[in-house]
Amino acid sequence: MVNYFEIFLYISIFLLSVFSYYVYFKNKKSSSKKKAYKLPPGSMGWPYIGETLQLYSQDPNVFFVNRQRRYGEIFKTKILGCPCVMLASPEAARFVLVNQANLFKPTYPKSKENLIGQSALFFHQGDYHTHLRKLVQASLNPESIRSQIPHIEELSLSALNSWAGGHVVNTYHEMKKYSFEVGILAIFGRLEGHVKDELKENYSIVDKGYNSFPTKLPGSPYRKALQARKRLGKILSEIISERKEKKQLEKGLLSCFLNAKEEKGLLVLNEDQIADNIIGVLFAAQDTTASVLTWILKYLHDNQKLLESVKAEQKVICQSNEQENHGLTWTQTRKMPITNKVVLETLRLASIISFTFREAVADVEYKGYLIPKGWKVMPLFRNIHHNPEFFPDPQKFDPSRFEKDQRVSVFRNYCNLILHYFLPLLVLIRNDITCNKKMGIVPALLGEIA
């Protein structure tokens, strides 16, 4: 009599053995591959906290520079309980952010995602991120910027006039106001005054709570920021609905979002996605632009000969415009070699963004080292910009380095891409400062705030 139970048992044992051998062989192969690569050099510090105390007890730049000198351009550490790989070379930064960007995802604290909006482009990767990036870039193409230059010039003159009167001003705060106005223009085009005021009021509350301790206790800055974020969402929803209803054809980022078509299976953006990305762009642009503008003024104040050269360059343009009775043009922004190099050197020396966070989505090999899945990866921009191998005498503010040193070509090409979009914002206020008939305002202003 055939014993079906025994036959079933034998077959099960055989299949289990085959499966176990397959898993063992696969794991062994994977393990041997991992063993071929080693972790980068460095110290993981104390259990759990790693080297967090060392980082926060000194200048972060000193922390990173000391470890780069000791371990090289790629090293490991542990910060805030997270194992990290630090990268301090242009090639490594390009590897993570451009060439193999699909292997690394942006990573931000949940508290910050809640304030900006979870659909913002820098919280994502893949097709959705690519789709959004194209829309943002389309709103910043040369044609769009050309048409906005007269309006940006008006904002510059308005900002300059508000500083008159001999009173002391906080440069950074004033530049934040200016960059916010330019951001609103770039996103919405024309916007009614009361709506702009509501946006500014609630955005300011969100901005103040962005870096605060993320507690929802009543009265805390973070809780107030969350409440203001909800109000921002409602205001933006009303603006979007009105634009859709009236079919207003304003130039700007909002129009690009509203006119976007379905692409690669990605549906047209809904109102929540549009609102998240508008707030995200404001956050990304305002502080960094304001910081760069502030540092430009600081460096020019500290370099009087260079300041005079910039004034002379801008004065020629100003006199030409007065004779021909027109404002600043796009072509003229392309013909400011001294100002251009000042901006480049400011971006390098100030290094507004010292580093950025990414997370490996798979085991990644780079130059013989293993970057394990789940580890944080931090390209150290400031270390690269202050490396004497690329920039001799890196702590010196020297715009002329961009006309005589071939080693800065990579940085120049990168910054030229930035200037393609943002040079009007950076030079227009400089132009107004040096060309305005009230030229005495700025030296007095700089003298008071230095």
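Which residues have the most contacts inside the largest nonpolar core? In this predicted model, they are Ile116, Phe188, Leu199, Leu236, Ile239, Phe257 and Ile278, within a core of 40 residues.

## Nonpolar cores

At least two residues of the largest core come from each of helix 5 (110–116), helix 6 (127–139), helix 8 (171–188), helix 9 (193–210), helix 10 (221–246), helix 11 (253–258) and helix 12 (271–302). The biggest contribution to this core is made by helix 10, which gives 8 residues.

Isoleucine 239 is one of the core residues with the most contacts. Leaving aside residues up to four places away in sequence, isoleucine 239 touches Phe188, Leu191, Val195, Leu199 and Leu254. A second core, separate from the one above, has 14 residues, among them Ile74, Ala360, Tyr369 and Trp375.

## Overall composition

The protein contains 19 helices and 7 strands. Of its 450 residues, 46% are buried. Among contacts with a separation of 6 or more, 71% are between residues 24 or more positions apart. The exposed surface of the protein is about 24300 Å², and 57% of that area is supplied by carbon and sulfur atoms.

## Strand 7 and its partners

Strand 7 covers residues 376–379. Lys376 and Met378 point one way from this strand, while Val377 and Pro379 point the other way. All four of these residues, lysine 376 included, are buried.

Strand 7 pairs with strand 2 (residues 82–87) in the parallel sense, through 4 bridges. In this pairing, valine 85 stands opposite valine 377. Strand 4 (residues 358–360) runs antiparallel to strand 7, and 2 bridges join them. Here glutamate 359 has lysine 376 as its bridge partner.

## Positive phi in two loops

Most residues other than glycine have a negative phi. Asparagine 325 has a positive phi, near 55°. Asparagine 325 is located in the loop that lies between helix 13 (304–324) and helix 14 (330–333). With a relative accessible area of 70%, asparagine 325 counts as exposed because this value is over the 50% cut-off.

Lysine 367 is not a glycine either, yet its phi is positive, at about 50°. Lysine 367 belongs to the loop between strand 5 (364–366) and strand 6 (369–371). Is lysine 367 buried or exposed? Lysine 367 is exposed, and its relative accessible area is 53%.

Methods. Residues numbered from 1 in each chain as written. Predicted model: local features only at pLDDT ≥ 70, side-chain atom pairs only at ≥ 80, totals over all residues. Heavy atoms only, no water. Core = buried A, V, L, I, M, F, W, Y, C linked by side-chain atoms within 4.5 Å. Buried < 20%, exposed > 50% of the residue type's maximum accessible area, 1.4 Å probe, protein only. Contact = heavy atoms within 4.5 Å. Areas by Shrake-Rupley, 256 points an atom, 1.4 Å probe, with all protein chains shown as cover. Pairing = 2+ DSSP bridges.
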